[in-house]
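Here is a brief structural report. It moves from the overall division to the sheet, the cores and one residue.

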Amino acid sequence: MNPEVCAALEKVEVVKSRRSLLQIDKLHFRAGEITAIIGPNGAGKSTLLKVLHGLEKPTAGTVCFRGQSLGGRDLLELRRRMAMVFQSPCLFQTTVYENIAAGLRIRKFRRSEIDPIVRRWAARFGVEPLLERQARHLSGGEAQRVALARALACGPELFLLDEPFASLDPPTREALCRELRAVIKEEGITAVVVTHVMEEVFLLADRAVMLSAGRVVQDGTPEELLARPANSEVADFVGKRRILLGRVVARTGEMVEVATPEGRFRLPAAAGGEGTFLLCLREGE
Ligand SMILES: Nc1ncnc2c1ncn2[C@@H]1O[C@H](COP(=O)(O)OP(=O)(O)OP(=O)(O)O)[C@@H](O)[C@H]1O
């Protein structure tokens, strides 16, 4: 296994109730890279995260973390080198301090070791003034900051996030995306984040993988997905809201003229061949 690969899925299939929920031939997550998993509801995004976290055993295929299969006896030990955060912060009914310390206590860190780590991560996510507060008295944004600090305090090599910002307002979401990306890059962590929101993909991720009906339909940089969507579903998802059926009606030099139900467009000839094709327009075009 290439040391640059943190986690890898090979020929993975998840079947439930005789339905195939996930079918992935090969998907590698490079060390230090932030990958966004996008796709419509029911595409299999959460299932993919669970498989990567060793929570869901695939019906077929192999999932490896740092070159070791998650199907073996070391599963628990391997899972301790990962962390997962959900849309709901799922904090324990205790103080912020104890929440951030929880994973370290489970890992049998000494009290003198725990304190500086808790304070460092609380400061990193701006919740140091809240350390003595009960978790149930936090706002949604504060609670999610604590959940992120709690997860990262344990020093995970692989960080999995399932729509972590979905319940936050847009300014909080944007601020947290920027902070989280900076932290992940500073620490050299590999991260996989499920999201529905393209703004989050652009703020956070180096790479975007689009799933549909349990399969990868496109894998590239967020910019690539926006500029060259593999099909109309990707185009629609990444924000090219208007998909028009076009027909080449004339050619002049390097340009073609395309007739659509919304009028005629002049495009570079390289943009399309002969006959009928789908024209993807960004909002405002
Ligand atoms: N235990 C199960 N038995 C049968 N079907 C299941 C089971 N768990 C999940 N599914 C189905 O698998 C599909 C994929 O679910 P998953 O939660 O991975 O999708 P998702 O892309 O994360 O969706 P969303 O964006 O709505 O959260 C869905 O159609 C879901 O109903």
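## Domains

The protein is split into two parts: domain 1 covers 5–228, and domain 2 covers 241–281. Their C-alpha centres are 41 Å apart. The model is predicted.

## The sheet

Six strands form an open sheet. Their order is 6-7-8-3-9-10, and the pairing is mixed. Strand 6 (82–85) and strand 10 (215–220) sit at the edges, each pairing on one side only. On average, neighbouring strands of this sheet are turned by 15° against each other, direction ignored. In general, strands of a sheet pair through backbone hydrogen bonds, either parallel or antiparallel.

Strand 7 (residues 158–162) and strand 8 (residues 190–194) run parallel. Five bridges join them. At L161, the bridge partner in strand 8 is V193. Helix 5 (residues 140–153) packs on the sheet and touches strand 6 and strand 7. The direction of helix 5 makes about 170° with that of strand 6.

## Nonpolar cores

The largest nonpolar core holds 51 residues. Those with the most contacts inside this core are I38, I100, F125, L148, F159 and L180. Helix 5 gives the most to this core: eight residues. Nonpolar side chains tend to be buried together in soluble globular proteins.

What does L148 contact, leaving aside its neighbours within four places in sequence? The partners of L148 are V85, F125, F159, L161, F165, L176 and L180. Three of the core residues with the most contacts, F125, F159 and L180, are thus also partners of L148. L161, bridged to V193 in strand 8, is another of the residues in contact with L148.

A second, separate core has 27 residues. Among them are L9, V14, I37 and L78.

## V118 in helix 4

V118 belongs to helix 4 (residues 111–124). Is V118 buried or exposed? V118 is buried, because its relative accessible area is 0%, and buried means under 20%.

Which residues does V118 contact, leaving aside its neighbours within four places in sequence? They are Y97, I100, A101, L104 and L131. One of these, I100, is listed with the residues that have the most contacts inside the largest core.

V118 also pairs a sequence gap with a spatial distance: R150 is 32 residues away in sequence and 8.1 Å away in space, C-alpha to C-alpha.

Methods:
Residues numbered from 1 in each chain as written. Predicted model: local features only at pLDDT ≥ 70, side-chain atom pairs only at ≥ 80, totals over all residues. Heavy atoms only, no water. Pairing = 2+ DSSP bridges. Helix = DSSP H or I, 4+ residues; strand = E, 2+ residues; numbered from the N terminus. Axes fitted to C-alpha atoms, helices over the stretch in contact; angles between N-to-C directions. Contact = heavy atoms within 4.5 Å. Domains from an automatic or database assignment. Core = buried A, V, L, I, M, F, W, Y, C linked by side-chain atoms within 4.5 Å. Buried < 20%, exposed > 50% of the residue type's maximum accessible area, 1.4 Å probe, protein only.
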